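Biologist: Hello! I am new to this one, so could you show it to me and take a few questions?

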Amino acid sequence: MKKLFNITCKHTTYLISKKEDRKIRLIDRLKLQMHLGICSACKLFENQSWFIKLNAKQSHEHITASLSSEAKEKIEIALKNAQ
Amino acid sequence: METKNKLQATDWVNNYSDALYKYTVVRVSDTGIAEDIVQETFLSAWRNKDNFKGEASEKNWLYTICKNKIIDYYRKKGSSIISYANEDASDNFFDDAEHWTKNDSPKEWGINYQQQVEKKEFYTILEKCKGKLQQMQQSVFVMKYLEDLETEEICKVLGITSSNYWVLIHRAKLGLRTCLEKNWVNI
């Protein structure tokens with residue numbers, strides 16, 4: 001029984017992504033829950049994965065980047081020529 | 001008429017080019033490619049502006065075109081990468097028994113993991129860490145977490161199987177997490 005539910009940290013972290021996507025079988029879900037209940041490192045991985053997912057999406061709103069005036073001019077010329 | 005068009009072109013570039021550029025550069029991680037994609041976005045929109053029905057806002061319309069250009073870029077990139085499955089050392093995170101090694105075992109970051117970060121420093125480091133990922137890992141990560149595409153769609157665009165996808169996204173997350181822990185979190 002113990003062996004049936006015994007999974008490694010590598011496999012656990014793999015299943016965490018599958019769970020996010022709701023592509024996980026019931027047996028794997030149970031194994032995952034059992035492992036996360038006893039392994040603090042994998043539990044941290046799950047929390048930190050969630051954190052990365054939550055924040056990655058907003059990246060473009062927070063970075064400092066802008067087109068150079070040359071690049072903008074190039075686009076304007078291209079648009080003018082496309083008419 | 002020509003003056004009006006000229007005005008509109010200038011307005012478009014002034015109003016939207018920086019926002020589209022930011023949107024693109026975090027997705028392709030290359031300033032030159034991002035510039036090209038923004039230019040192509042404007043050109044496509046310009047050529048089709050008579051078809052713009054005003055159902056969405058002009059801004060959303062441009063974003064939709066831009067998003068499609070980014071996916072096209074990934075499609076081309078996916079088909080040009082032949083070998084990717086075993087190119088990195090992610091397995092080093094785990095020991096022979098497939099449990100975390102002492103060095104790579106996740107540490108507590110001391111933050112609320114449910115909270116959005118406002119500090120620019122975090123996003124600069126996230127970009128750098130993303131840039132360090134192997135190319136296909138970066139592609140799946142961006143398409144999944146930035147573009148919000150379904151897994152099946154990502155596999156189709158990149159020409160990979162779903163098991164390739166799971167391995168790639170798994171490795172991308174392992175790599176990003178470790179890089180953030182080393183460079184952003186002060187433990």
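Biologist: How many residues does the contact take from chain B and from chain A?

Modeller: Happy to help, and please keep in mind that this is a predicted model. Each chain has its own share of the contact: chain A gives 42 residues. From chain B the contact takes 46 residues.

Biologist: Which helix gives the most to the side of chain B that touches chain A?

Modeller: Several helices of chain B supply at least two residues each to that side, including α2 (31-47) and α4 (120-132). By class, the side has 25 nonpolar, 10 polar and 11 charged residues. The helix that gives the most, with 12 residues, is α1(B).

Biologist: Where does the largest share of the largest nonpolar core come from?

Modeller: This core has 47 residues, and among those with the most contacts inside it are B:Leu20, B:Ile37 and B:Leu168. The largest share of the core is 10 residues, and these come from α1(B).

Biologist: Are α5(B) and α7(B) roughly parallel or roughly perpendicular?

Modeller: Let us start with the residues that meet: B:Met136, B:Gln137 and B:Val140 are among those in α5(B), and B:Leu168 and B:Ala172 among those in α7(B). The residues of this contact divide into 7 nonpolar, 2 polar and 2 charged. The helix axes are 8 Å apart, at an angle of about 90°. Angles of 65 to 115 degrees count as roughly perpendicular, so α5(B) and α7(B) are roughly perpendicular.

How values were computed. Residues numbered from 1 in each chain as written. Chains lettered and ligands numbered in written order. Predicted model: local features only at pLDDT ≥ 70, side-chain atom pairs only at ≥ 80, totals over all residues. Contact = placed C-beta atoms within 7 Å. Helix = DSSP H or I, 4+ residues; strand = E, 2+ residues; numbered from the N terminus. Nonpolar A, V, L, I, M, F, W, Y, C, P; charged D, E, K, R; others polar. Core = buried A, V, L, I, M, F, W, Y, C linked by C-beta atoms within 7 Å. Buried ≥ 20, exposed ≤ 12 C-beta atoms within 10 Å, placed from the backbone. Axes fitted to C-alpha atoms, helices over the stretch in contact; angles between N-to-C directions. Parallel < 35°, antiparallel > 145°, perpendicular 65-115°, else oblique.
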